[in-house]
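I opened my notebook to get to know a new structure. Here is what I looked up, entry by entry.

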Amino acid sequence: MAGANSLEIFEEIEKSEGNLIKCKDIQHLEKLLFRVFYGIKDGAAANELTFSLDIYKIFTELLNPQSSKSKSESSYEDTVLTVKEFIAENLNENLTVSKLANTVNMSSSHFSRVFKQQTGFSPYDYILISRLNRAKYLLHVTDMTIASIAYDIGFNSESNFIYFFTENEGISPGKFRKLKF
């Protein structure tokens with residue numbers, strides 16, 4: 001969960017700001033830090049993508065201490081967090097943009113724009129990444145069959161899941177399970 005450029009970003013922050021780091025929105029930064037801390041402390045391994053995005057937001061805030069978010073933009077963070085939690089709890093369902101938008105009382109088009117702006121991913125891509133991460137977690141910590149995992153994370157067939165997993169990970173789910181972590 002270190003992130004590809006975490007060390008380089010940290011060094012850039014330290015170089016430009018020194019040991020005393022300024023922050024425009026301390027409550028927002030505090031909220032992100034505690035969300036990551038308690039998520040890791042509680043062992044929520046399935047939410048690694050969310051942690052990575054939060055860590056990236058923390059670094060961005062620290063790199064650009066003078067940039068301030070508008071009130072409406074920061075209010076969308078809670079909305080997007082609600083949707084992320086809904087996705088995590090309902091991965092086995094047919095999740096559409098319309099269904100996600102309805103959970104937060106937004107139009108589909110506005111929701112898609114806000115979600116992409118806040119996460120860097122379209123809702124569809126975020127769902128697929130979440131399914132892939134959950135599959136890797138289940139392959140690693142359970143003895144569930146590959147078919148059971150496929151249906152548990154929302155795929156309509158084992159073969160679709162195997163194809164998707166192999167395309168994205170470069171290795172089949174069965175071989176992935178045999179890897180030592």
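**Entry: the chain as a whole**

I began with burial: 34% of the 181 residues in the chain are buried, where buried means under 20% relative accessible area, exposed over 50% and partly exposed in between (1.4 Å probe, protein chains only). I noted that this is a predicted model, in which local features need pLDDT of at least 70 and side-chain atom pairs count only at pLDDT 80 or more, while totals for chains, interfaces and linings use all residues. Residues are numbered from 1 along each chain as its sequence is written, and side-chain values use heavy atoms, with hydrogens and water left out.

Next I looked at the elements and found 10 helices and 0 strands. Both are DSSP runs numbered from the N terminus (helices are H or I with at least four residues, strands E with at least two).

The chain exposes about 10,800 Å², and carbon and sulfur atoms supply 53% of that; the areas come from the Shrake-Rupley method with a 1.4 Å probe, and for residues only the protein chains shown count as cover. I also checked contacts, meaning heavy atoms within 4.5 Å. Among those between residues at least 6 apart in sequence, 58% join residues at least 24 apart.

**Entry: the nonpolar cores**

Which residues have the most contacts inside the largest nonpolar core? I found V83, I87, L100, F111, F115 and Y126, in a core of 16 residues. Such a core is a set of buried Ala, Val, Leu, Ile, Met, Phe, Trp, Tyr and Cys residues joined through side-chain atoms within 4.5 Å. The elements giving two or more residues to this core are α3 (48-63), α4 (71-89), α5 (97-103), α6 (108-119) and α7.

I picked L100 for a look at its partners: beyond neighbours within four places in sequence, L100 is in contact with V83, F86, I87, L95, F111, P123 and I127. A second, separate core has 15 residues, including L138, A150, F165 and F176.

**Entry: α7 against α9**

Helix α7 (residues 123-141) packs on helix α9 (residues 158-169) at an angle of about 95 degrees, with the axes 11 Å apart. That makes α7 roughly perpendicular to α9, the term for angles of 65 to 115 degrees. I noted how this is done: axes are lines fitted to C-alpha atoms, for helices over the stretch in contact, and angles run from 0 to 180 degrees between N-to-C directions.

On the α7 side I listed L128, L132, A135, K136 and L139, which meet F161, F164, F165, N168 and E169 of α9.

**Entry: single residues**

N105 caught my eye with a phi near 55 degrees, a positive value in a residue other than glycine. For background, most residues other than glycine have a negative phi. N105 sits in the loop between α5 and α6 and is exposed, with a relative accessible area of 72%.

Is H28 buried or exposed? I found H28 in helix α2 (residues 26-41), and at 6% relative accessibility H28 counts as buried. H28 and E77 are 49 residues apart in sequence, and their C-alpha atoms are 9.8 Å apart in space.

D152 belongs to helix α8 (residues 146-152) and counts as partly exposed at 33% relative accessibility. The C-alpha atoms of D152 and N92 are separated by 5.2 Å, with the two positions 60 residues apart along the chain. Leaving aside neighbours within four places in sequence, D152 is in contact with L91, N92, L138 and M144.

My last stop was V141 in helix α7, partly exposed with a relative accessible area of 44%. V141 and R177 are 36 residues apart in sequence and 9.0 Å apart in space, C-alpha to C-alpha.

Methods:
Angles under 35 degrees count as roughly parallel, over 145 as roughly antiparallel, 65 to 115 as roughly perpendicular and the rest as oblique.
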